[in-house]
Amino acid sequence: MESLTSAPAIELSHVSKHYGSMQALKDVSLAVQEGEFVVIVGASGCGKSTMLNMIAGFDRPTSGRIQVQGRENTGVNPECGMVFQQYALFPWMTVEDNIAFGLKMKRMSKAERRNRAQEYIDMVGLRGFEKSYPKALSGGMRQRVAIARVLANNPKVMLFDEPFAALDAMTRQVLQEQLVRIYEQQRKTIVFITHSIDEALLLSSRIIVMSARPGQVVQDINNDLPHPRNADVQLSERYLELKRHIWHAVQAEVVRSIEAAA
Ligand SMILES: Nc1ncnc2c1ncn2[C@@H]1O[C@H](COP(=O)(O)OP(=O)(O)OP(=O)(O)O)[C@@H](O)[C@H]1O
């Protein structure tokens, strides 16, 4: 049984990141507990992707410490699965092979790989497209393949870097609802970046607002909106109150970042 004192799923302690003389992040400390769905919002260029890339182990902090599942990254962390804005699929592989790719790397048998891939193809609603190539799919379908591929690998932590930003509003809404359902079933630890406050309120259990660059945590908000987060919730007084609050915090930082760039 999990002990109540177990380490957070992700822990950033006094993390700073410089690129040459430019400081992207400044003294960020943040603990994400297992099963939390944390959404990060903040002005463009405030270091959100930098933070996610460092959690995944693609990059390292200049100072401070990042631990995932109680262990410091020594390279790309196999416990983390990342979904990018641009789908990052292998164009020469079918949907099925794209989803099963990581399983092949784990030396899973062919039959097991096919079963596992099919399970996640069904979960994201792509039955019938197993043998299709990415170029034959719409943007929304490709992003569902990318999500299924990460889920099939069963990572402890899922990281999403603006995954729905390039999609039309209807597709985005469908994928948001699918992701909420998957989260409710699997309770993975998720860190998700978006520029949409509505998306943050729909998906998250907790919302982090970052300052203008160098990025720091300026607000840490518990999203107590009830589920399902449908149209009724979106019209509730609490929703509007949270939205207003987050909007003011983000807006102040966007103004600061524009003024700093001027
Ligand atoms: N590899 C890199 N080398 C140099 N500078 C970088 C690198 N990666 C990011 N930066 C810079 O660090 C800052 C933070 O970038 P980052 O992409 O993390 O911001 P962001 O908040 O994700 O932005 P956006 O919302 O626009 O995607 C930016 O000024 C960016 O130009």
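In these legends, Ala, Val, Leu, Ile, Met, Phe, Trp, Tyr, Cys and Pro count as nonpolar, Asp, Glu, Lys and Arg as charged, and the others, Gly among them, as polar. The views are taken from a predicted model.

**View 1. The shell of residues around the ligand.** Grouped by character, this shell holds 6 polar residues, 3 nonpolar ones and 2 that are charged. The residues that surround the ligand are Tyr19 and Ala24, then Gly42, Ser44, Gly45, Cys46, Gly47, Lys48, Ser49 and Thr50, and finally Arg213. The element that contributes most to the shell is helix α1, spanning residues 48–56, which supplies 3 residues.

**View 2. The largest nonpolar core.** This core comprises 69 residues, and the ones with the most contacts inside it are Val41, Ile55, Ile99, Ala148, Leu159, Val191 and Ile246. Helix α4, made up of residues 139–152, provides 8 residues to the core, the most of any contributor. At least three residues of the core come from each of two domains, namely domain 1 (1–7 + 18–79 + 155–262) and domain 2 (89–154).

**View 3. The surroundings of Ala148.** When its neighbours within four places in sequence are left aside, Ala148 is in contact with Ile99, Tyr120, Ile121, Met123 and Val124. Both Ala148 and Ile99 also belong to the residues with the most contacts inside the largest nonpolar core.

**View 4. The pairing of strands β9 and β10.** Strand β9, residues 206–210, runs antiparallel to strand β10, residues 217–222, and the two are joined by 5 bridges. Within this pair, Ile207 is placed opposite Ile221 of β10, while the connection from β9 to β10 is a hairpin that passes through 6 residues.

Terms used
Residues numbered from 1 in each chain as written. Predicted model: local features only at pLDDT ≥ 70, side-chain atom pairs only at ≥ 80, totals over all residues. Near = placed C-beta within 6 Å. Helix = DSSP H or I, 4+ residues; strand = E, 2+ residues; numbered from the N terminus. Core = buried A, V, L, I, M, F, W, Y, C linked by C-beta atoms within 7 Å. Buried ≥ 20, exposed ≤ 12 C-beta atoms within 10 Å, placed from the backbone. Domains from an automatic or database assignment. Contact = placed C-beta atoms within 7 Å. Pairing = 2+ DSSP bridges.
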